[in-house]
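Colleague: Thanks for sitting down with me over this one. Could you walk me through the fold, one piece at a time?

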Amino acid sequence: MDRAPGWSVRLKLTLSYAGFLMLAGVMLIAAVWVFLLSNLPDVTSSISGLQVRSVLAREFAAGAAVVMAFLLVFGLLGGWLLAGRMLAPLTRITDATRHVANGSLSHRIRLEGRNDEFRELADSFDAMIARLEAHVAEQRRFAANASHELRTPLAISKALLDVARTDPNHDPGEIIDRLHAVNARAIDITEALLLLSRAEQRSFTREPVDLSLLVEEATETLLPLAEKRGVTFETSGDIALAAGSQALLLQMTTNLVHNAVVHNLPEQGTVRVETGVRPGSVVLTVENTGERLSPELVPTLTEPFRRGSERVRTDHGGVGLGLAIVKSITHVHDGALTITPRPSGGLRITVELPAAAPGTDRRP
């Protein structure tokens, strides 16, 4: 927005310092003058007392003028230097803001010195830019991964259509089945992206949600898939009322259980789901058997389209957004997500969410 040019803050501070110094000087000189008048002795010489006062006034006025001129010069020069020193951190912050505005998100102020208002502002600015840089980097990776994942089914569809057009002897039923599978995967990816976007917008109303009921619903929904893969469920825990969106928390619970079923042992696998209550929060824990994962790999599992061990895609293998959605839903609910590899194989995933206010149980 265009603004009319005005005085700089440094000039305003300089004039303020000089003005206060001049005011203090005037008050001091006035106090001295009043003191002299009140204590002027009686004059007994031929020179009248009025003449003595006149001479004293002229001498005092000349000296006072010199003092005031010195105070004015000293106030302006000293105020200019002092204001410049005081505003030096603000200049660094302004320069850093310009660098960031030009796209240099890696720029930091890193203001030295003891803690004061400017240091607190600089540290807050650095922390904000660090979060912004991480968010932008994450969004760029997400966009690149999403583009790659969506391009693959589209390329396969194009190839299948080319085959159907150029090879009339090819079985059309097989092509239709493969096109259906590819199209279904593209739809799953798109729906997952939309869900992830809606979750990050925090556009939901918080209400009491019992995580134990969500666990029952999720395990019941995924029971056919678990039986097909030879995985058994073990559920336990108490009523755990969280404050949040029931739809999003159900999606989070379903994703966790689905991930635990799909990435499990080929046979005789186990998924343990437990809910609990802590002071001020509730906890959902999903633990599964499976292959061993390195600690270095675990932090990357919540990245979009990242799979724990580059598994071969099979039916119900997901689109690589399961734990990314879990992380996003946990974040918008002001919760904490912890992923720990089990020594014997598999993962232990814990989600801690703020508890609902007491007396708000809305379970049927």
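Colleague: Happy to start with the sheet: in what order do its 5 strands lie?

Modeller: Keep in mind that this is a predicted model. The sheet is open and its pairing is mixed. From one strand to the next, the twist averages 15°. Reading across the 5 strands, the order is E2-E4-E5-E7-E6.

Colleague: Which are the edge strands?

Modeller: An edge strand here pairs on one side only. That description fits residues 231-237 and residues 336-341. The edge strands are therefore E2 and E6.

Colleague: Let's go inward from E2, then. In which sense does E2 pair with E4, and over how many bridges?

Modeller: One bridge to look at on your screen is the one that joins Thr235 to its partner Val273 in E4. The two strands, E2 and E4, run parallel, and the count of bridges between them is 7.

Colleague: And which residue in the turn between E4 and E5 has a positive phi?

Modeller: E4 covers residues 269-278 and E5 covers residues 281-288, and they pair antiparallel over 8 bridges. Val277 faces Val282 of E5, while Val271 faces Asn288 of E5. The two strands form a hairpin with 2 residues between them, and the one with a positive phi, about 85°, is Gly280.

Colleague: How many residues lie between E6 and E7 in their hairpin?

Modeller: E6 and E7 run antiparallel, joined by 6 bridges. Among the paired residues are Ile339 and its partner in E7, Ile349. In the turn, Gly345 has a positive phi of about 115°, and the number of residues between the strands is 5.

Colleague: Now the helices: which strands does H6 touch?

Modeller: Helix H6, residues 246-262, packs on the sheet, and its direction makes about 25° with that of E5. For comparison, helix H7 (residues 322-332) lies across E6 and E7 and runs at about 145° to E6. The strands touched by H6 are E2, E4, E5 and E7.

Colleague: Nice. Which element gives the most to the lining of the largest cavity?

Modeller: Counting cavities of 30 Å³ or more gives 1, and the largest holds about 40 Å³ of space. Its lining is made up of Leu256, Asn259, Ala260, Val286, Asn288, Leu347 and Ile349. H6, E5 and E7 each give two or more residues to that lining. With 3 residues, the element that gives the most is H6.

Colleague: How many charged residues are in that lining?

Modeller: Sorting the lining of the largest cavity by class gives 5 nonpolar and 2 polar residues. Asn259 and Asn288 are among the residues in that lining. As for charged residues, there are none.

Colleague: One last thing: why is the pair of Phe70 and Phe74 stacked?

Modeller: The structure holds 1 aromatic pair. Both residues, Phe70 and Phe74, lie in helix H2 (residues 49-101), 4 residues apart, which is about one turn of the helix. Their ring centres are 5.9 Å apart, and planes under 30 degrees apart count as stacked. The pair is stacked because the angle between the planes is 15°.

Technical notes:
Residues numbered from 1 in each chain as written. Predicted model: local features only at pLDDT ≥ 70, side-chain atom pairs only at ≥ 80, totals over all residues. Heavy atoms only, no water. Axes fitted to C-alpha atoms, helices over the stretch in contact; angles between N-to-C directions. Contact = heavy atoms within 4.5 Å. 1 Å grid on protein atoms, 1.4 Å probe; cavity = no way out; pocket = protein on both sides within 12 Å on 5 of 7 lines; lining within 4 Å. Points joined across faces, edges and corners; volume = space filled by probe spheres on them. Nonpolar A, V, L, I, M, F, W, Y, C, P; charged D, E, K, R; others polar. Phe/Tyr/Trp six-rings, centres within 6.5 Å; stacked < 30°, edge-to-face > 60°.
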